[in-house]
Amino acid sequence: MSDRLVLLGSKGGPALRSGGPWPSSSLLELGWRTIVVDCGLGVTRGLVDAGVSLKALDLIFVTHLHSDHVLELGALLHTAWTAGLANPVTLFGPPGTGHYWRRFCQAMEFDIEIRIVDEGRPDIREMASIVEFGEGEIFAQRGLKVSALRVDHPPVTDCFALRFDHAGKSIVFSADTAFFPPLAGFARNADILVHEAMLEEGIERLVARTGNGARLKEHLLASHSFAEQAGRIASDAGVKRLVLNHLIPADDAAIGEADWEAAVRKSWAGDLTIARDGLVVNLDGAKAASGEETA
Ligand SMILES: [Zn+2]
Ligand SMILES: [Zn+2]
């Protein structure tokens, strides 16, 4: 298994539109570990399409509890369980993750109890160990180190960027955040920075279409970053490649890759990937390669 990043769901926000991309989730295969970062709607299908056996699910990280990052978490674990999950999964998330998981299992109690009795399955409630984390180093095992940095995503206070280091390779996920200069130090010299991004000219049309006008716009401006700001963080951090992800808007026919590129090139001159669902970024040489569209 060569190290790779697969962007399973590349849009920001929970809405789905015909032909559009899926909400946030990513697969990171690093040092023989299968790592899932965020579990928005579509994560299970995305993993299977990326060639991952759900039985081999290993480590799951959730950056924060907004639904576009967590809505399919329970469904992913449950589907892996019915697929014959071989080993317990470790689920890392902010405070509240354990509550989510217990309540999910309660909601699915009928099905869980019946499958244990009828199909002889182990108890799913014992197959996920939950680690609620804060800032700092949150995992270190067999050369894989993971650390977290609280970012600026009001009104959510427990939202964390994540950094994965293994054998000299490093990948950083910004999570959802407004322009947050400390991210540059956190992402210092990383091979890949996956940073969320908005495009200014698309925001007005998005807000008009969603019909929640002023309040939605206020949230977007206070809690998210423009592409140019993502580029600034990447430049300050000296990363090798910037991946623009969690795109807002992601499904506006009038906006294409060239528009994102034009915005981010004001502040970033290095290697660049504009995320789309199923896109693979190889970590050996960190070259981007086209993947399959899953949506
Ligand atoms: Zn989000
Ligand atoms: Zn969010």
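What do the angles among the 4 donor atoms make the site of the zinc ion (ligand 1): regular or irregular? Keep that in mind while you click around this predicted model.

Start by selecting the zinc ion (ligand 1). Show its partners as sticks: Asp68 (OD), His69 (NE2), Asp176 (OD) and His246 (NE2) coordinate this zinc at 2.1 to 2.2 Å. Their angles run from 90 to 167°, and the site is irregular. Now trace these donors along the chain, where you'll find the spacing D-H-x106-D-x69-H. Pick out His69 in helix H2 and His246 in strand E12 (residues 241-248): this pair links parts of the chain 177 residues apart. Both sit out of the way: His69 is buried, with a relative accessible area of 1%, and His246 is buried too, at 3%.

Next, select Asp176. This residue coordinates both zinc ions, and ligand 1 and ligand 2 are 3.4 Å apart.

Hop over to the zinc ion (ligand 2). Here you'll meet His64 (NE2), His66 (ND1), His153 (NE2) and, once again, Asp176 (OD), at 2.1 to 2.4 Å. The 4 donor atoms subtend angles of 92 to 163°, so this arrangement is irregular. Along the sequence, the donor residues are spaced H-x1-H-x86-H-x22-D.

Last stop: colour His64 and His153. His64 is in the loop between strand E4 (59-61) and helix H2 (67-70), while His153 is in the loop between strand E8 (144-150) and strand E9 (160-166), so the two tie together parts 89 residues apart in sequence. Try a surface view here: His64 and His153 are both buried.

Terms used:
Residues numbered from 1 in each chain as written. Chains lettered and ligands numbered in written order. Predicted model: local features only at pLDDT ≥ 70, side-chain atom pairs only at ≥ 80, totals over all residues. Heavy atoms only, no water. Donors = N, O, S within 2.8 Å, 3.2 Å for Na, K, Ca; no water. Tetrahedral: all angles 85-135°; square planar, octahedral: opposite > 155°, others 65-115°. Helix = DSSP H or I, 4+ residues; strand = E, 2+ residues; numbered from the N terminus. Buried < 20%, exposed > 50% of the residue type's maximum accessible area, 1.4 Å probe, protein only.
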